[in-house]
Amino acid sequence: MLDTRRLIDFLGRAERLKCNTRHCVTSTGRPESVAEHCWRAALMALLVAPDHPELDMDRVIRMCLIHDLGEAVTGDIPSFLKTGENEATEEQAVEELLAGLEEPLAGRMRELFAEMKAQSTAEARLFKAIDKLEAVLSHNEAPLESWSPLEYELNRVYGQEEAQVSPAMAQLRRTLAEDTERKISQAGKKMPQ
């Protein structure tokens, strides 16, 4: 039977994902939480599942749900600022969090993290595309004044390579790129110098 105390303790630590905010803001200008990003990435995986019948989409959804778990401890560092040292610290935070879970659950989650890091499966590569495209979508929805100068170019290219994982994801990336260009042009802005 499940050790309910350990489960509650783990969920209590994971709750910080609801409190820790990301670099991106929502369409209303409120800072987005890490948990909100993970939730919508999982929802995206669910919605694109019909275009990927050959994949274990439950596994992709699980990856989306847990991929930023370490940020419950470290907080979010935008991808364009994250260093190898930051990644190592986040991996250590994940290991410390998972140490609070019982086996075999902790082991199954470690396997997912290893698979995501290695990008060794089609499921891990689809997860990575979803993770990046959800960020592009979030930026497209955020007020343009919340973008840093770097993000004008970054939102145009972020996740392009990863989206080549499937025709459906490549098309989603093209549509997001169109939305990015429309957002910038409708605001009458060019890429800052």
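# Salt bridges, burial and helix packing

Visitor: What is the N to O distance at which the side chains of Arg5 and Asp9 meet in a salt bridge?
Guide: Arg5 and Asp9 both lie in helix H1 (residues 4–14), four residues apart, about one turn of the helix; helices here are DSSP runs of H or I with at least four residues, strands are runs of E with at least two, and both are numbered from the N terminus. A salt bridge requires a side-chain nitrogen of Lys or Arg within 4 Å of a carboxyl oxygen of Asp or Glu. For Arg5 and Asp9, the N to O distance is 3.6 Å.

Visitor: At which pLDDT do side-chain atom pairs count in this predicted model?
Guide: Residues are numbered from 1 along each chain as its sequence is written, and side-chain values use heavy atoms, with hydrogens and water left out. The model is predicted, and while totals for chains, interfaces and linings use all residues, local features need pLDDT of at least 70 and side-chain atom pairs count only at pLDDT 80 or more.

Visitor: Is Glu71, the salt-bridge partner of Lys82, buried or exposed?
Guide: The side chains of Lys82 and Glu71 meet at 3.6 Å, N to O, and the pair links distant parts of the chain, with Lys82 in the loop between helix H5 (71–74) and H6, Glu71 in helix H5, and their positions 11 residues apart. Burial is judged by relative accessible area (buried under 20%, exposed over 50%, partly exposed in between, with a 1.4 Å probe and protein chains only). Lys82, at 23%, therefore counts as partly exposed. Glu71 has a relative accessible area of 2%, so its class is buried.

Visitor: Which residue meets Arg156 in a salt bridge?
Guide: The bridge has an N to O distance of 2.6 Å, and its two residues, 25 apart along the chain, lie in helix H9 (residues 149–157) and helix H10 (residues 167–186). Arg156 is buried, because its relative accessible area is 18%. The partner, partly exposed at 35%, is Glu181.

Visitor: How are the axes of H9 and H10 oriented, roughly parallel or roughly antiparallel?
Guide: Axes are lines fitted to C-alpha atoms, for helices over the stretch in contact, and angles run from 0 to 180 degrees between N-to-C directions. H9 and H10 pack at about 155°, with their axes 8 Å apart. Angles under 35 degrees count as roughly parallel, over 145 as roughly antiparallel, 65 to 115 as roughly perpendicular and the rest as oblique. The angle of H9 to H10 is therefore classed as roughly antiparallel.

Visitor: What is the angle at which H4 and H7 pack?
Guide: The axes of helix H4 (residues 57–66) and H7 lie 10 Å apart, and the angle makes H4 roughly perpendicular to H7. Their contact (heavy atoms within 4.5 Å) is made by Arg59, Arg62, Met63 and Ile66 of H4 together with Met109, Leu112, Phe113, Glu115 and Met116 of H7. The packing angle of H4 and H7 is about 90°.

Visitor: What is the relative accessible area of Glu115?
Guide: Glu115 lies in helix H7 (residues 105–118) and, not counting residues up to four places away in sequence, touches Arg59, Met63, Ser120, Thr121, Glu123 and Ala124. Glu115 counts as buried, because its relative accessible area is 9%.

Visitor: Which residue in the loop between H7 and helix H8 (122–141) has a positive phi?
Guide: The loop between helix H6 (84–98) and H7 holds Pro104, which is joined to Glu103 by a cis peptide bond with omega near 10°. In the loop between H7 and H8, the residue in question has a phi of about 50° although it is not a glycine. That residue, partly exposed at 24%, is Gln119.

Visitor: What is the area of the nonpolar surface patch that includes Trp39?
Guide: Trp39 sits in helix H3 (residues 34–48) and counts as exposed because its relative accessibility is 51%. Patches are made of residues with over 30% relative accessible area and no salt bridge, joining like charges within 9 Å and nonpolar side chains (Val, Leu, Ile, Met, Phe, Trp, Tyr) within 5 Å, and the areas come from the Shrake-Rupley method with a 1.4 Å probe, only the protein chains shown counting as cover for residues. Made by Trp39, Leu43, Leu46 and Leu47, the patch has an area of about 430 Å².
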